[in-house]
Amino acid sequence: MSTEIEVRPATVFEDVRALVGPQRPDASVCWCLSYRIPSKVNNAMRGQERGAFVAKLLDDGPLGVLAYRDDVPVGWAAVAPRADTTFARNRKIPHVDDLPVWSVWCIRVRPGHRGQGISHALIQGAVGYARDHGAPALEAYPLDNGEARVDQTMAYAGLRANFEAAGFRWAADTTSVLNGHPRVLLRHDLTQDLD
């Protein structure tokens, strides 16, 4: 198996579905919409409605980035302007300033591919994607788990150490807790990379 990981904008519905869609067609999973759309809209959808909604969103452009190994999608990162997400109104995740930042809020790696650097590649890919689209900074809201193990189903927010390794720095504490771990607001200044 090749170890080469390529990160590309998430434009292909079937590839997005492979990472965030259900394993069974009748299952109701989040499709990574929980922070992208108002909860009232998200909660009203059932079964395959979320997948159809994601397909329609893709008509307007990528919803983040995907990691590929040998052209097989193996990882996902949701990336968008914070103003276009529910983080714009989230009371537990503070606004540091009025900068029109982007957010990366979901990192997923397929079982069988974990522990191979894919989440690191996804974070770097999210940074590049946000920079290429004019974002002055990229925020993340990962778990501050220290050395504690994290349940894989709750690790979607990412881990503080992984984001810090990619150049993100602490910007604020939050009052958000996920699976018993506090979340912190980390920020990557993208303007410094333009010098």
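Which strands does helix α1 lie across? In this predicted model, helix α1, formed by residues 13-20, lies across β2 (64-69), β3 (72-81) and β4 (102-109), and its direction runs at about 95 degrees to that of β3. These strands belong to an open sheet of seven strands, and another helix, α4, also packs on that sheet. The points below take up the sheet, then helix α4, and then the aromatic rings.

**The sheet**

- The seven strands of the open sheet follow the order β1-β2-β3-β4-β5-β7-β6, and their pairing is mixed.
- At the edges stand β1 (6-9) and β6 (169-178), each of which pairs on one side only, while the twist from one strand to the next averages 25 degrees.
- Strand β7, made of residues 181-189, pairs with β6 in the antiparallel sense over six bridges, and within this pairing D173 stands opposite V184 of β7.
- By contrast, β4 and β5 run parallel and are joined by three bridges, with L138 in β5 serving as the bridge partner of W102.
- Strand β5 is covered on both faces, since A137 and E139 on one side are buried, as are L138 and A140 on the other.

**Helix α4**

- Helix α4 packs on the sheet and touches β1, β2, β3, β4, β5 (137-140) and β7, its direction making about 155 degrees with that of β4.
- The helix comprises 15 residues, 118-132, which at 1.5 Å a residue should span 21 Å, and this agrees with its end C-alpha atoms, which are 21 Å apart.
- How enclosed is α4 by the rest of the structure? Eleven of its 15 residues are buried, so the helix is largely enclosed.
- The buried residues of α4 are I118, S119, A121, L122, I123, G125, A126, V127, G128, Y129 and A130.
- Just after the end of α4, residue G134 takes a positive phi of about 85 degrees.

**Aromatic pairs and a charge over a ring**

- The count of aromatic pairs in the model comes to seven.
- One of these pairs is formed by F13 and W31, whose rings are stacked, lying 5.6 Å apart from centre to centre with 15 degrees between their planes.
- This pair links distant parts of the chain, because F13 belongs to helix α1 whereas W31 lies in the loop between α1 and α2 (39-44), 18 residues apart.
- The two partners differ in how they are covered: F13 is partly exposed, with a relative accessible area of 24%, and W31 is buried, with a relative accessible area of 6%.
- Another pair joins Y35 and Y156, whose ring centres are 6.5 Å apart and whose planes meet at 35 degrees, so the pair is tilted.
- Here too distant parts of the chain are linked, as Y35 sits in the loop between α1 and α2 and Y156 in the loop between β5 and α5 (160-165), 121 residues apart.
- Are Y35 and Y156 buried or exposed? Both Y35 and Y156 are buried.
- Beyond this single pair, ring pairs link Y35, F87, W105, Y141 and Y156 into a cluster.
- A charge also meets a ring in this model, for the charged end of R8 sits over the ring of Y68, at 3.9 Å from the centre of that ring.

Notes
Residues are numbered from 1 along each chain as its sequence is written. This is a predicted model: local features need pLDDT of at least 70, side-chain atom pairs count only at pLDDT 80 or more; totals for chains, interfaces and linings use all residues. Side-chain values use heavy atoms; hydrogens and water are left out. Helices (H or I, at least four residues) and strands (E, at least two) are DSSP runs, numbered from the N terminus. The expected span of a helix is 1.5 Å times one less than its number of residues. Buried means under 20% relative accessible area, exposed over 50%, partly exposed in between (1.4 Å probe, protein chains only). Two strands pair if DSSP finds at least two bridges between them. Axes are lines fitted to C-alpha atoms, for helices over the stretch in contact, and angles run from 0 to 180 degrees between N-to-C directions. Contact means heavy atoms within 4.5 Å. Rings of Phe, Tyr and Trp (its six-membered ring) pair if their centres lie within 6.5 Å; planes under 30 degrees apart count as stacked, over 60 as edge-to-face and the rest as tilted. A charge sits over a ring if NZ of Lys or CZ of Arg is within 6 Å of the ring centre and within 35 degrees of the ring normal.
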